[in-house]
Amino acid sequence: MREDPLVSFTAFVEAAWGRHVRLALLLCGDPHRAEDLLQDCLVALYRRWGRMDTARDPHAYLRRMLVHRNVSRWRRERRETLTAQAPEVADPRAGMVEPHEQLRRALMALPTRQRAVVVLRYYLDMSERQVAEELGCTVGTVKTHHSRAMTRLRELLPDFTLSAKEATTQ
Amino acid sequence: MMLDEQRLTSVLHELADREQFSPPPTQRVLDRVRPRATAARRRVGWSLAGTGVLAAAAAAALVLGAGTAPVPTPDRAPTGQEILLAAAEGAERAPATPKRYWVVKTTLVVRYLVNAGYHVTDRQVVQEWKAQLPRDLSWTGSLNLGAKPSTPDDEAAWRADGSPTEWRMGPVRLSTASESARVVEHPTGGGDYFGESEVSLAEIRALPADPEALKRWGERRINRQSIMPTDTDVHFATAITLLTSAPAAPAVRAAAFRLLASLPGVRNEGKVRDALGRTGTRIVVAYGDRQHEAIVDEAAGQILASKGNREPRNDCAGSDQQDRCDGKVTGVPDSYFEVEYSDGPPRPPTTR
């Protein structure tokens with residue numbers, strides 16, 4: 001007899017929330033948007049739930065959805081609010097701000113795909129090849145995004161940079 | 001100068017970990033998927049019947065359109081086949097001009113057996129606005145009317161149980177309270193689900209207007225589940241989905257009625273009034289130990305209601321996992337359909 005897919009899906013939602021909501025925060029830079037994004041992805045994931053290959057890790061699938069939906073939502077919202085103020089992208093160097101807030105602002109100043117590369121590389125500790133698989137692009141594209149993101153972050157986060165000497169001894 | 005990657009990693013974790021998030025919004029997610037989950041399964045009971053638990057006594061009492069009064073019929077009643085072939089002609093005559101949305105409104109009536117041993121009936125309206133133009137989004141509206149004890153006897157048992165206003169059964173939460181109606185965007189392409197097989201609008205529009213060809217298509221295309229053990233189950237499901245849910249052309253709808261007429265064990269069970277107050281003809285399709293029911297408006301060429309196969313057994317009897325049995329669906333839902341084209345805009349459903 002077939003189990004109601006809602007039963008296993010409910011268990012998955014409970015497990016997935018804590019596991020992915022922080023990733024969502026880093027991807028979109030705002031806790032409320034992060035919760036909305038994750039909730040939207042879970043709802044969309046249910047469409048596939050009954051037909052998910054059992055060999056496929058639903059957490060990995062959800063993670064990809066988060067990355068992709070965040071990129072496309074950002075594009076859509078940018079179109080809509082292009083003439084409005086650019087919110088939340090205040091100069092990260094302004095005032096005395098704690099490092100994590102500096103970093104949050106700097107991440108928000110990055111294009112979403114570059115931000116995704118940084119988060120996947122440094123928060124989830126993925127290799128360039130894994131990031132490429134995750135984003136559905138080539139390793140070369142990942143390298144490009146990565147290098148542009150790091151250049152920009154270096155400008156925005158002077159406190160996070162190492163001198164050449166420190167870099168070599170590290 | 002280069003960026004300190006270790007520092008970047010540690011501050012990323014600090015940024016992620018310091019935020020306090022709300023607990024999993026499980027119920028909200030389930031509320032958002034439930035219209036879809038229900039809609040995908042409602043047509044002939046699909047997997048609901050597969051998990052269904054049904055005491056034989058309850059099966060006898062649970063008749064589609066229960067409480068309806070028979071309408072007098074002429075001397076020789078038409079056969080089931082004659083009704084369905086007349087419905088095919090009705091479907092062919094129906095206007096064919098698509099509008100912006102194909103709107104499928106389904107009133108679902110489901111009986112649950114709760115732990116305390118009585119039945120409650122849950123009523124829900126799901127209204128799908130299937131976009132017929134590529135640029136549009138589809139929408140799904142829902143209106144939960146709340147659950148209440150099914151019969152006066154159930155009501156007495158409910159009072160003895162302390163008149164609870166809520167029943168929680170695994171993922172299903174039933175409440176006596178109704179919820180306000182809403183309608184939400186649904187990123188689908190306006191096609192349909194046949195069982196769990198997604199069929200695009202383009203494929204539905206290209207379907208053959210031939211009963212035998214539709215049977216072959218269903219056999220090939222529908223992902224067979226335990227609830228559909230025979231080809232005839234698949235054929236029935238194909239036709240019912242085409243007639244009650246999919247935006248199929250009039251000629252294809254007519255072919256679906258002819259498909260139904262060709263099934264074994266088709267009977268005319270007489271005129272009935274359904275739960276929405278509409279008059280139609282009850283058709284039963286019975287073969288082997290399987291039985292399906294539908295109410296047909298043959299003049300309009302529409303299916304007004306459907307009910308799937310029943311499985312008269314009670315897996316919970318004597319079970320040491322009584323809590324798992326709480327909330328098992330004791331019959332497949334009675335589904336009442338209203339379908340039409342509309343230019344929209346999508347609105348939350350009403351009980352009219």
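**Exercise 1. Trace strand 3 of chain B and its two partners in this predicted model.**

*Solution.*
Step 1. Start at the hairpin: six residues join strand 3 of chain B to strand 4 of chain B. Strand 4 covers residues 138-149. The two strands run antiparallel and share 10 bridges. To fix the register, take Glu128(B), which stands opposite Thr140(B) in strand 4 of chain B.

Step 2. Turn to strand 2 of chain B, residues 101-113. Strand 2 pairs with strand 3 of chain B over 13 bridges, again in the antiparallel sense. Here Val110(B) faces Asp122(B) of strand 3 of chain B across the pairing.

Step 3. Look at the turn between strands 2 and 3 of chain B. Five residues lie between these strands in a hairpin. Within the turn, Gly117(B) has a positive phi of about 100 degrees.

Step 4. Check the cover on strand 3 of chain B, residues 119-131. Of its 13 residues, 12 are buried, so the strand is mostly covered, with buried meaning under 20% relative accessible area.

**Exercise 2. Decide which parts of chain B to read with caution.**

*Solution.*
Step 1. Take the average. Chain B has a mean pLDDT of 77, and 75% of the residues score at least 70.

Step 2. Find the extremes. Helix 10 of chain B (residues 250-261) has the highest confidence, at 96. Helix 4 of chain B (residues 56-61) has the lowest, at a mean of 29.

Step 3. Mark the weak stretches. Residues 40-72 of chain B have a pLDDT below 50, yet the model gives this stretch 109 contacts beyond near neighbours in sequence. Residues 310-331 of chain B also stay under 50, with 62 contacts beyond four places in sequence.

Step 4. Add the scores for the complex: an ipTM of 0.84 and a pTM of 0.55.

**Exercise 3. Summarise the make-up of chain B.**

*Solution.*
Step 1. Count the elements: 11 helices and 14 strands.

Step 2. Assess burial. Chain B has 352 residues, and 54% of them count as buried. The chain exposes about 15100 Å², with 51% supplied by carbon and sulfur atoms.

Step 3. Sort the contacts. Among those in chain B with a separation of 6 or more, 70% link residues 24 or more positions apart.

**Exercise 4. Account for the cysteines Cys28(A) and Cys41(A).**

*Solution.*
Step 1. Count disulfides over all chains: zero.

Step 2. Check the distance. For Cys28(A), the nearest cysteine sulfur is that of Cys41(A), 9.9 Å away. A disulfide needs the sulfur atoms within 2.5 Å.

Step 3. Check exposure. Cys28(A) is buried at a relative accessible area of 0%. Cys41(A) is buried too, at 0% relative accessibility.

How values were computed. Residues are numbered from 1 along each chain as its sequence is written. Chains are lettered from A and ligands numbered from 1 in the order in which they are written. This is a predicted model: local features need pLDDT of at least 70, side-chain atom pairs count only at pLDDT 80 or more; totals for chains, interfaces and linings use all residues. Side-chain values use heavy atoms; hydrogens and water are left out. pLDDT is the predictor's confidence in each residue, from 0 to 100. Helices (H or I, at least four residues) and strands (E, at least two) are DSSP runs, numbered from the N terminus. Contact means heavy atoms within 4.5 Å. Buried means under 20% relative accessible area, exposed over 50%, partly exposed in between (1.4 Å probe, protein chains only). Accessible areas come from the Shrake-Rupley method with a 1.4 Å probe; for residues, only the protein chains shown count as cover. Two strands pair if DSSP finds at least two bridges between them.
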